[in-house]
Amino acid sequence: IKFSKRVIASLSTRCAKNSISSLRFANTAAKVYFSTGKTSDKEILKNLKYFEKAPLIHHINYSLTEDAERNILNGWQPECMEDKWLSYSIENCVYVHRSWSGHLMYKFTIHNKTIDYIEIAMDDFVNMNNERKVEIFFDLLPFLSEPH
């Protein structure tokens, strides 16, 4: 799901690094997008949850190809129960949620085809160690980089 420039312009032109500001921004964007009347998107967006606790910041300095950057920013919407992830972007800020629960797991910003760092959920529902969370992100990146 990629928010239109019209929606973004009505909210803000940048993704704040502060997770609380980002949470408010993403919540507002989701509400505006939700109100556009797209039925399939309504069902998905109404269940989205954002970081409850301060996220873990993990620096990665990960380079992307032009195609991978475009595909990640275009987002991915689950089509069946086996699809475990949902992603969307607001400007260059990418949000990756679990599709069933709607919990935000990863958030990152792409600048000049590079992901400098990722923000990782530290909320109580995430029952795994930090190394595993980073490992899952790197397993997920090639999937997000594919055309959808």
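These legends accompany close-up views of a predicted model.

**View A. The largest nonpolar core.**
This core has 31 residues. Ile72, Val96, Tyr106, Phe108, Ile110 and Ile115 touch the most other members. Two helices, α4 (66-74) and α5 (130-145), each supply at least two core residues. So much is also true of the strands β2 (85-90), β3 (93-98), β4 (104-111) and β5 (114-120). Helix α5 gives the most, with six residues. In soluble globular proteins, nonpolar side chains tend to be buried together.

**View B. The surroundings of Ile72.**
Ile72 is among the core residues that touch the most other members. Leaving aside residues up to four places away in sequence, Ile72 touches Leu64, Val94, Phe108 and Ile110. Leu141, Leu144 and Ser145 are also touched by Ile72.

**View C. Helix α4 against helix α5.**
Two packed helices are described by the angle between their axes and the distance between the axes. Here the axes of α4 and α5 come within 8 Å. They cross at roughly 90 degrees. That crossing makes α4 roughly perpendicular to α5. On the α4 side, the contact is made by Asp67, Ala68, Asn71 and Ile72. On the α5 side, Leu141, Leu144 and Ser145 take part. Four residues of this contact are nonpolar, two are polar and one is charged.

**View D. The salt bridge of Arg70 and Asp67.**
The structure holds three salt bridges, and one of them joins Arg70 to Asp67. Their closest N and O atoms are 2.5 Å apart. The two residues lie three residues apart in helix α4, so about one helical turn separates them. Arg70 is partly exposed, with a relative accessible area of 42%. Asp67 is partly exposed too, at 45% relative accessibility. Asp67 also belongs to the contact of α4 with α5.

**View E. The salt bridge of Lys107 and Glu119.**
The side chains of Lys107 and Glu119 meet at 3.4 Å, N to O. This pair links distant parts of the chain. Lys107 sits in strand β4 and Glu119 in strand β5, 12 residues apart. Are these residues buried or exposed? Both Lys107 and Glu119 are buried.

**View F. The salt bridge of Glu135 and Arg132.**
Glu135 pairs with Arg132 in a salt bridge, with the closest N and O atoms 2.6 Å apart. Both residues belong to helix α5. They are three residues apart, which means a separation of about one helical turn. Glu135 counts as partly exposed at 43% relative accessibility. Arg132 is partly exposed, with a relative accessible area of 35%.

Conventions
Residues numbered from 1 in each chain as written. Predicted model: local features only at pLDDT ≥ 70, side-chain atom pairs only at ≥ 80, totals over all residues. Heavy atoms only, no water. Core = buried A, V, L, I, M, F, W, Y, C linked by side-chain atoms within 4.5 Å. Buried < 20%, exposed > 50% of the residue type's maximum accessible area, 1.4 Å probe, protein only. Helix = DSSP H or I, 4+ residues; strand = E, 2+ residues; numbered from the N terminus. Contact = heavy atoms within 4.5 Å. Axes fitted to C-alpha atoms, helices over the stretch in contact; angles between N-to-C directions. Parallel < 35°, antiparallel > 145°, perpendicular 65-115°, else oblique. Nonpolar A, V, L, I, M, F, W, Y, C, P; charged D, E, K, R; others polar. Salt bridge = Lys/Arg side-chain N within 4 Å of Asp/Glu carboxyl O.
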